[in-house]
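Me: Got a minute to go through a structure with me? I'd like to start with how its parts meet.

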Amino acid sequence: MKVCVVGTGYVGLVAGTCFAEYGNDVICIDKDEKKISDLKKGIIPIYEPGLTELVERNYKEGRLKFSTSLKDGVESSEFVFIAVGTPTSDNGSADLRFVFAVAEEVGKTMNGYKIIVDKSTVPVGTADKVKEILSKNTKHPFDVVSNPEFLKEGAAIDDFMRPERVVIGAESELAAKKMSELYSPFVLNGNPIITMSIRSAELTKYACNAFLATKISFVNEIANLCDALGANYDDVRKGMGTDSRIGRQFLYAGIGYGGSCFPKDVRALLRTAEEVNAPMHIIQSVEDVNEKQKTRLTDKIFEHFKSTDMKGKTFGIWGLSFKPGTDDMREAPSIPLIYELHKNGAKIQVFDPAAMETSKYYFDGKVEYKKDAYATLEGADAMLLLTEWREFREPDFQKIKSLLKSPLIFDGRNQYKPNLMQEIGFTYYSIGNR
């Protein structure tokens, strides 16, 4: 099938590449000439395991093309996926300017029947507006479809190639049938393609992310309560996770969620609910708890040193990205924590396996970048673990002790066992574990 994907960001590039991998003819469109030029050279603008190899192979074999010409992409394709950014606006709603601008241009360049697919995460009712814009700019027939993405950064290729489900929101039987045909090779394992109304599909993405964010904020509050009561959250987690009604996933306590999806989607859902006078009190609490949780480790640091004055103190930080497997710094808990320590006079030494470059937008001038994890600990008063990269899971603790001024660890991701840390001789702080 012939597919056009507008936008070569995280969702668009992964989607376009995976469609090409399954034999489709795909053209990815972006207005950024340098990005398109780099992609043709095999230079990938995002960090995602396995993506570079897939892009290079499919581009070499001619199934995947890159262009700045939306006209060429639309005219040569039956499916046009809109996968541009929908950042949070000042009032918390999703900024849809880029989506609408693409819809207008697509309408002006259509040369026959097209299926226009909203792949970007957009509020309920967006497809109606896209349809209205298209109608004003073309006389050709078209259908608008909602096809939300469910990609986890760091595992996006596998999520797209072997989806747990594919959600298709469509009014037209023809569009639903064509979309099902496009996705059929991806669900040969029997996982479902779920067809529903467009508005239901638009809401499904927000509902999923808001629920997962709710689990995270809930367990973080339980972990904080464990700190106050002297309980051990790791034990509580195991007791909860073995209940089949709850499940084991998203029960890990820490310093809050970040990234491009959960924060943005929670706020957009709250804004949507506000606009229709249907307040969501639980989801508002999820947002409030998460923002406070990001400073939980800072509070422990101040409490340990019995002061908020960090002048003369040096901290070695392991991990900056919002989660392992990505260089994404958007809404990362490391940001408010580092800002707070820097504001209070601390010297900060950092290392991240992937996010050193992307983090400079936030931290340039505030931190000292080191060549590896151990180098961040030289002369430091404490080690802070903020992102649970695999290479941080079983470090050389004796080496850590030798590098630190004193054996002090603040673990924001509960990676290490408190009893082991005590045996080795560390003063160890985590989230809810003793």
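Reply: Sure. First a term: a salt bridge is a side-chain nitrogen of Lys or Arg within 4 Å of a carboxyl oxygen of Asp or Glu. This is a predicted model, where local features need pLDDT of at least 70, side-chain atom pairs count only at pLDDT 80 or more, and totals for chains, interfaces and linings use all residues. Residues are numbered from 1 along each chain as its sequence is written, and side-chain values use heavy atoms, with hydrogens and water left out.

Me: OK, how many salt bridges are there between domain 1 and domain 2?

Reply: Zero. Domain 1 is 2–196 and domain 2 is 229–429, with bounds from an automatic or database domain assignment. Their centres, taken over C-alpha atoms, are 33 Å apart. Domain 1 puts 16 residues into the contact and domain 2 puts in 18, where contact means heavy atoms within 4.5 Å.

Me: What area is buried between domain 1 and domain 2?

Reply: About 1,200 Å², with 49% of it from carbon and sulfur atoms. Buried area here is the accessible area (1.4 Å probe) that two parts lose on being put together, summed over both. On domain 1's side, Tyr47, Thr88 and Glu153 supply 46% of what that domain buries against domain 2, more than any other three residues.

Me: Switching topic. Which residues does UniProt list under "binding site"?

Reply: The unreviewed entry places that feature at Phe150, Leu151, Lys152, Glu153, Lys205, Phe250, Leu251, Tyr252, Ala253, Gly254, Gly258 and Lys323. They spread over 174 residues of sequence and, in space, up to 24.0 Å between C-alpha atoms. UniProt positions use the numbering used here, feature names are shortened, and annotations may be inferred rather than shown by experiment.

Me: Take Lys152 and Leu251. Is each buried or exposed, or in between?

Reply: Lys152 is partly exposed, because its relative accessible area is 43%. Leu251 is buried, at 2%. The cut-offs are under 20% for buried, over 50% for exposed and partly exposed in between (1.4 Å probe, protein chains only).

Me: And what is Lys152 in contact with?

Reply: Leaving aside neighbours within four places in sequence, Lys152 is in contact with Tyr10, Glu48, Asp159 and Lys323. UniProt's "binding site" positions include Lys323 too.

Me: Where's Leu251?

Reply: In the loop between α10 (233–241) and α11 (262–275). Helices are DSSP runs (H or I, at least four residues), as are strands (E, at least two), numbered from the N terminus. With the neighbours within four places left out, the contacts of Leu251 include Lys215, Val219 and Tyr233.
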